[in-house]
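Reader: Hello! I am new to this structure and would love a close look at a single part of it. Could you walk me through one helix and its surroundings?

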Amino acid sequence: NRAADAVETVLRLSWDAKAPVLIGRFSRQGLSRVVVKGLDHDFHTKAGKVTPFGIYLPQHGELYLYFTRSKVTADFIVDCLCDFWQSHSHRFAMVRTLFINQDNGPENNTHRTQFMQRITQFVDQFQVAIQLACYPPYHSKYNPIERVWGVLEKHWNGSLLDSLRTILSFARSMSFKGQNPVVELVTKTYHSGVKLTQSQMERL
């Protein structure tokens with residue numbers, strides 16, 4: 001990380017997903033500035049759940065949060081990266097390599113064929129190199145993005161997350177390293193289990 005941060009042609013990113021958040025009047029066992037009455041059991045909710053995924057720039061203190069009601073798949077992860085880079089690459093004209101801090105999770109590990117295909121397509125499309133810096137098992141807590149989730153939990157604390165709008169509003173109003181995050185809702189539906197055959201992977 002120190003070596004990557006020292007080179008102006010390298011931009012370090014840290015990414016990961018938080019545990020899904022149930023949408024509903026569920027008690028979060030926290031404190032609130034207003035009186036709230038929540039359900040004391042996690043009953044089934046028709047509102048479903050939403051999963052936050054974050055891209056954090058440690059050198060710049062910038063945070064980008066993507067929320068999905070679908071599954072966090074390899075396609076979703078790289079789509080978020082594409083959205084970020086299309087929107088902000090003009091600010092990093094000197095950057096030739098994206099150095100990505102990540103855990104070696106089930107959807108973004110280097111043995112996930114669809115993830116490797118999408119990363120390769122990203123490199124071809126944007127002509128920027130990618131270096132994956134994977135934390136070893138049981139050490140993902142050192143990934144800088146992990147600190148974001150604790151701040152987010154503390155921010156909404158005991159409030160009732162009874163709608164998607166409420167969740168997104170809390171995310172937009174939180175402060176991390178003195179800055180508010182950029183928050184996006186991804187409405188595309190993603191399907192798990194997408195993978196390449198052995199011959200396709202060999203060609204890739």
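Author: Happy to! Please keep in mind that this is a predicted model. Let us begin where two helices meet: helix 4 and helix 5 cross in a right-handed way. Helix 4 spans residues 146-156 and helix 5 spans residues 164-173. Their axes come within 10 Å, with a crossing angle of roughly 115°. On the helix 4 side, the contact is made by Leu152, His155 and Trp156, while helix 5 brings in Ile167, Phe170, Ala171 and Ser173. Sorted by class, the residues in this contact are five nonpolar and two polar, with no charged ones.

Now let us stay with helix 5. Which of its residues are buried? They are Leu164, Ile167, Leu168, Phe170 and Ala171. Looking down the axis of helix 5, you would find these buried residues within an arc of 160°, so they line one face of the helix. Ile167, Phe170 and Ala171 are buried, and these three also take part in the contact with helix 4.

What do the buried residues of helix 5 pack against? Besides helix 4, their partners are strand 2 (21-22), strand 3 (49-57), strand 4 (62-68) and strand 7 (182-186). So if you trace the surroundings of helix 5 in the viewer, follow its buried residues to one helix, helix 4, and then to strands 2, 3, 4 and 7.

Conventions: Residues numbered from 1 in each chain as written. Predicted model: local features only at pLDDT ≥ 70, side-chain atom pairs only at ≥ 80, totals over all residues. Heavy atoms only, no water. Axes fitted to C-alpha atoms, helices over the stretch in contact; angles between N-to-C directions. Helix = DSSP H or I, 4+ residues; strand = E, 2+ residues; numbered from the N terminus. Left-handed = near helix turned anticlockwise from the far one by under 90°. Contact = heavy atoms within 4.5 Å. Nonpolar A, V, L, I, M, F, W, Y, C, P; charged D, E, K, R; others polar. Buried < 20%, exposed > 50% of the residue type's maximum accessible area, 1.4 Å probe, protein only. Arc of directions from axis to C-beta.
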